[in-house]
Amino acid sequence: MYEITGKVRRIGDVQTFASGFSKRELVVDEEREGSWPNVVPLVFKQDRASLLDSLGVGAKVKVGFVVDGRDWTDPKTEKVKCFCDLTALKLEVLAAAPTAAEVKGTIAEPADGDMPF
């Protein structure tokens, strides 16, 4: 199992398919050194999707995941397409999402109504 630590960027809605399969996406900004952000989508499948119910954007998390790959053959064209998911198996909240008051407190407001440009 692999692990990633970072801040929650986005939490998707639960998607349920005709087969009964359901999944939910969590997008994490990975904490790492370097100048380029690493934005990683992870998939919580079936019952694990509910692990995201009480999670908020901005929370710091550690996610345990496996790499899932599979082939799919299009029945119309018979072309084979390969899919890959980072399937989340474990979620640990390291720090809760900031409250609205905390977020507002971090924004620098212009002095005396001056615009910052």
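The following dialogue examines how terms are assigned in a predicted model.

Trainee: What makes a feature eligible for discussion in this predicted model?

Mentor: In this predicted model, local features need pLDDT of at least 70 and side-chain atom pairs count only at pLDDT 80 or more, while totals for chains, interfaces and linings use all residues. Residues are numbered from 1 along each chain as its sequence is written, and side-chain values use heavy atoms, with hydrogens and water left out.

Trainee: Why is the contact between D29 and R9 called a salt bridge?

Mentor: A salt bridge is a side-chain nitrogen of Lys or Arg within 4 Å of a carboxyl oxygen of Asp or Glu. For D29 and R9 the N to O distance is 2.7 Å, so the pair satisfies the definition. The pair links distant parts of the chain, with D29 in strand β3 (residues 22-30) and R9 in strand β1 (residues 2-11), 20 residues apart. Strands are DSSP runs (E, at least two residues), as helices are runs of H or I with at least four, and both are numbered from the N terminus.

Trainee: What makes D29 and R9 partly exposed?

Mentor: Buried means under 20% relative accessible area, exposed over 50%, and partly exposed in between (1.4 Å probe, protein chains only). D29 has a relative accessible area of 25% and R9 has 38%, so each residue is classed as partly exposed.

Trainee: How do you know that E31 and K60 form a salt bridge?

Mentor: Their closest N and O atoms are 3.5 Å apart, and the limit is 4 Å, so the contact qualifies. E31 lies in the loop between β3 and β4 and K60 in strand β5, so the salt bridge ties together parts that are 29 residues apart in sequence. E31, at 42% relative accessibility, is partly exposed, and K60, at 28%, is also partly exposed.

Trainee: Why is D85 called buried or exposed, and how is its partner R70 classed?

Mentor: D85 has 14% relative accessibility, which is under 20%, so D85 is buried. R70 has 38% and is therefore partly exposed. The closest N and O atoms of R70 and D85 are 3.1 Å apart, in a salt bridge. The pair links R70 in strand β5 with D85 in strand β6, 15 residues apart. Salt bridges that share partners join K45, D68, R70 and D85 into one network. The structure holds 7 salt bridges.

Trainee: What allows such side chains to pair?

Mentor: Side chains of opposite charge can pair when their charged atoms come close.

Trainee: How do you know that β1 pairs with β5 and with β3?

Mentor: Two strands pair if DSSP finds at least two bridges between them. There are 6 bridges joining β1 to β5 and 5 bridges joining β1 to β3, so both cases meet the criterion. β1 runs antiparallel to β5 and antiparallel to β3. G6 stands opposite V61 in β5, and V8 stands opposite V28 in β3.

Trainee: What makes the phi angles of Q46 and E78 notable, and how exposed are these residues?

Mentor: Phi of Q46 is near 50°, a positive value in a residue other than glycine. Q46 is found in the loop between β4 (39-45) and β5 (60-73). The relative accessible area of Q46 is 40%, so Q46 is partly exposed. For E78, phi is near 65°, a positive value in a residue other than glycine. E78 is placed in the loop between β5 and β6 (80-95). Its relative accessibility is 63%, which is over 50%, so E78 is exposed.
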